Amino acid sequence: MPVNAMYPGTFDPITLGHEDLVRRAAGLFDKVIVAIAANTGSKVPMFSVDERVAMARAALAGIDNVEVTRYEGLTVAFAEENDLRVIVRGLRAVSDFEYEFQLANMNRHLTKKVETAFLTPTEKYNFISSSLVREVAELGGDIREFVSPSVREALMERIRG
C-alpha cells in the first residue's frame, strides 16, 4: 500500500532548507504533497497563497513524486481528505521541538489516521527560515545561498515594490 505524505507550511517564501526536506521526503514516501496554507493564523505573509504556490512549483519542478497545492482549514482534515497518511515536519533546532511536539500531539488527538514524521535539515540549512530570509533581503543582504534563483527574483521584486 503506498504511503503518501504532506509537507504543510506557509512557505513565505520557500527556501533551500524547505527544498532539502522535500527532496529527502520524496525519497521516503511514494508521493509528497507540499501543501501551502492559505489561512496563516497570526502570520501576515509577504506573498499571496497563489504566489507562494507558484514559487514552490518553480523551485520543486523536476521532482517526479512531488505536487504543490494550496489548502485551507485543518492540516489533518486535508491529510485525511487526500489519503495522506503522514505529515512531514522539519526540526531545525531544539527550540522548534516543543511547538512541533504539541502540534503532533494535537493532530494525533484529532485523528488516528495520520502520523507525524520529523526530519532535520542538512547542516548547511539548519539556520534558514523564511522570516530570516525576508529580513536579510529587506536589509539589502545577499540571499543567494538561501533560496532558488526564481524565489530570489520574486522576493527582490516585491521588496523593490
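In the predicted model, Asp-83 is exposed, with a relative accessible area of 54%. This residue is located in the loop that connects α3 (75-81) to β4, and its phi is positive, near 55°, although Asp-83 is a residue other than glycine. A positive phi, of about 50°, is also found at Phe-11, which likewise is not a glycine. Phe-11 belongs to the loop between β1 and α1; in contrast to the exposed Asp-83, Phe-11 counts as buried, because its relative accessibility of 3% falls under the 20% below which a residue is taken as buried. The loop between β1 and α1 (16-28) also holds Pro-13, and the peptide bond that leads from Asp-12 into Pro-13 is cis, its omega lying near 0°.

The strands of the model are arranged in an open sheet of 5 strands, which follow one another in the order β3-β2-β1-β4-β5 and are paired in parallel. The edges of this sheet are occupied by β3 (66-71) and β5 (115-119), each of which has a single partner strand, so that one side of each is left without a neighbour in the sheet. From one strand to the next, the twist averages 30°. Between β1 (residues 4-9) and β2 (residues 31-37), which run parallel, the pairing comprises 6 bridges, and within this pair of strands Met-6 is placed opposite Ile-33 of β2. Helix α4 (residues 94-110) packs on the sheet, where it touches both β4 (86-90) and β5, and the direction of α4 makes an angle of about 170° with that of β4.

A further set of packing contacts concerns helix α5 (residues 130-138), in which Ser-130, Val-133, Arg-134 and Ala-137 are buried. When α5 is viewed down its axis, these buried residues fall within an arc of 100°, and they therefore line one face of the helix. The partners against which the buried residues of α5 pack are the helices α1 and α6 (149-160). After α5 comes Gly-140, for which phi is positive, with a value near 85°; Gly-140 is a glycine, whereas the positive phi values described above for Phe-11 and for Asp-83 occur in residues that are not glycine.

Note on methods. Residues numbered from 1 in each chain as written. Predicted model: local features only at pLDDT ≥ 70, side-chain atom pairs only at ≥ 80, totals over all residues. Heavy atoms only, no water. Pairing = 2+ DSSP bridges. Helix = DSSP H or I, 4+ residues; strand = E, 2+ residues; numbered from the N terminus. Axes fitted to C-alpha atoms, helices over the stretch in contact; angles between N-to-C directions. Contact = heavy atoms within 4.5 Å. Buried < 20%, exposed > 50% of the residue type's maximum accessible area, 1.4 Å probe, protein only. Arc of directions from axis to C-beta.
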